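Colleague: I am new to this structure, and I would like to ask how some of its descriptions are arrived at. Could we look at it together?

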Amino acid sequence: MKKLYCFDFDGTLTYKDTMFMYLKFYNSSKFRIQFLKHIPLFILLKLKLADTEKVKKSFIGSILKDQPETKIRKKAQQFFETHYPKIIRDNALDFIENIDHKSTESFLVTASLDIWTEPFADAFKMKLVSTKAEFKNGIFTGNFIGKNCNGKEKLERIKKEISDRKFDKIIAFGDTSGDRPMLNWANEGHYQFFH
């Protein structure tokens, strides 16, 4: 029986949102300043009066834009080594460690950027399906390649990854409304399963 697991990352497998954690880890003083500057936008987001992708781009860009890719990736590896496996929910870790990779394929499907989620996907032995950071000449432009990987976009990306392959069962795990399209599409959709 061929299975496909699709795991959301932040909140589903982790206790905390890794975007804020990584940006703070990257440059804590800049993070504090930009966080305060972005509070009005975060409030608008909560009230659903701002575009998630725009706010996210603005906040990430305010800290990482024009930074060298080598430094960004090195920091991402250090971030992983500092926080893994502490930030992963215990029962999620148990579950992942017991996946039979012979009959199962697993995707880490996240709106977080590939920059800091890649080391986690590698540790989990999963294929990463995420929002992609754009680098030009080894420098982060502050932009994304394609759309923010959330909501319907998550499902589009998964479908693109598996294109013409068949699975006997697709099982998805998520914890927010942004995971609903993926959860509803899967044969089994688990909401806050590891909480």
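What follows is a conversation about the words used for this structure and the values behind them.

Modeller: Please keep in mind that this is a predicted model, and that the protein chain in it holds 8 helices and 6 strands. Read along the sequence, these elements come in the pattern β-α-α-α-α-α-β-α-β-β-α-β-α-β.

Colleague: How do you know whether the radius of gyration of the protein chain agrees with that of a compact globule?

Modeller: For 195 residues a compact globule would have a radius of gyration near 16 Å, and the protein chain has 17 Å, so the value agrees with the rule. The C-alpha atoms fill a box of roughly 50 × 35 × 35 Å along the principal axes, and buried residues make up 48% of the 195 residues. Among contacts between residues at least 6 apart in sequence, 66% join residues at least 24 apart.

Colleague: What makes I139 buried, exposed or partly exposed?

Modeller: The relative accessible area of I139 is 30%, and since buried means under 20% and exposed means over 50%, I139 is called partly exposed. I139 is found in strand 4, which covers residues 139–145. Leaving aside residues up to four places away in sequence, I139 touches D66, Q67, P68, E69 and E134. The C-alpha atoms of I139 and Q67 are separated by 5.6 Å, although these two residues are 72 residues apart along the chain.

Colleague: Why is D66 called exposed?

Modeller: D66 is called exposed because its relative accessible area is 55%, where exposed means over 50%. D66 has its place in the loop between helix 3 and helix 4, and its phi is positive, about 70°, although D66 is not a glycine.

Colleague: What makes a positive phi worth pointing out in a residue other than glycine?

Modeller: Most residues other than glycine have a negative phi, so a positive value departs from what most of them show. N137 is another residue with a positive phi, near 50°, and N137 is not a glycine either. N137 lies in the loop between strand 3 (127–136) and strand 4. With a relative accessible area of 80%, set against the cut-off of over 50%, N137 is exposed as well. K48, which follows helix 2, also has a positive phi, near 60°.

Colleague: Where in helix 2 is the kink, and which residues of that helix are buried?

Modeller: The kink, of about 50°, lies at I39 in helix 2 (residues 28–46), shortly before the proline P40. The buried residues of helix 2 are F31, Q34, H38 and F42, and buried here means under 20% relative accessible area. These buried residues pack against helix 1 (18–26) and helix 3 (52–64).

Colleague: How do you know whether the peptide bond between Y84 and P85 is cis or trans?

Modeller: Omega is about 0° for the bond that joins Y84 and P85, and this peptide bond is cis. Most peptide bonds are trans. P85 is found in the loop between helix 4 (69–83) and helix 5 (90–97).

Colleague: Finally, what can be said about the surface and the charges of the protein chain?

Modeller: The protein chain exposes about 10,200 Å², of which carbon and sulfur atoms supply 52%. The mean positions of its 34 positive and 25 negative charges are 5 Å apart.

Technical notes:
Residues are numbered from 1 along each chain as its sequence is written. This is a predicted model: local features need pLDDT of at least 70, side-chain atom pairs count only at pLDDT 80 or more; totals for chains, interfaces and linings use all residues. Side-chain values use heavy atoms; hydrogens and water are left out. The bend at a residue is the angle between axes fitted to the seven residues ending there and the seven starting there. Helices (H or I, at least four residues) and strands (E, at least two) are DSSP runs, numbered from the N terminus. Buried means under 20% relative accessible area, exposed over 50%, partly exposed in between (1.4 Å probe, protein chains only). Contact means heavy atoms within 4.5 Å. The radius of gyration is taken over C-alpha atoms; the globule rule is 2.2 Å times the number of residues to the power 0.38. Accessible areas come from the Shrake-Rupley method with a 1.4 Å probe; for residues, only the protein chains shown count as cover. Lys and Arg count as positive and Asp and Glu as negative; His and the chain ends are not counted. The place of a charge is taken as NZ of Lys, CZ of Arg, CG of Asp or CD of Glu.
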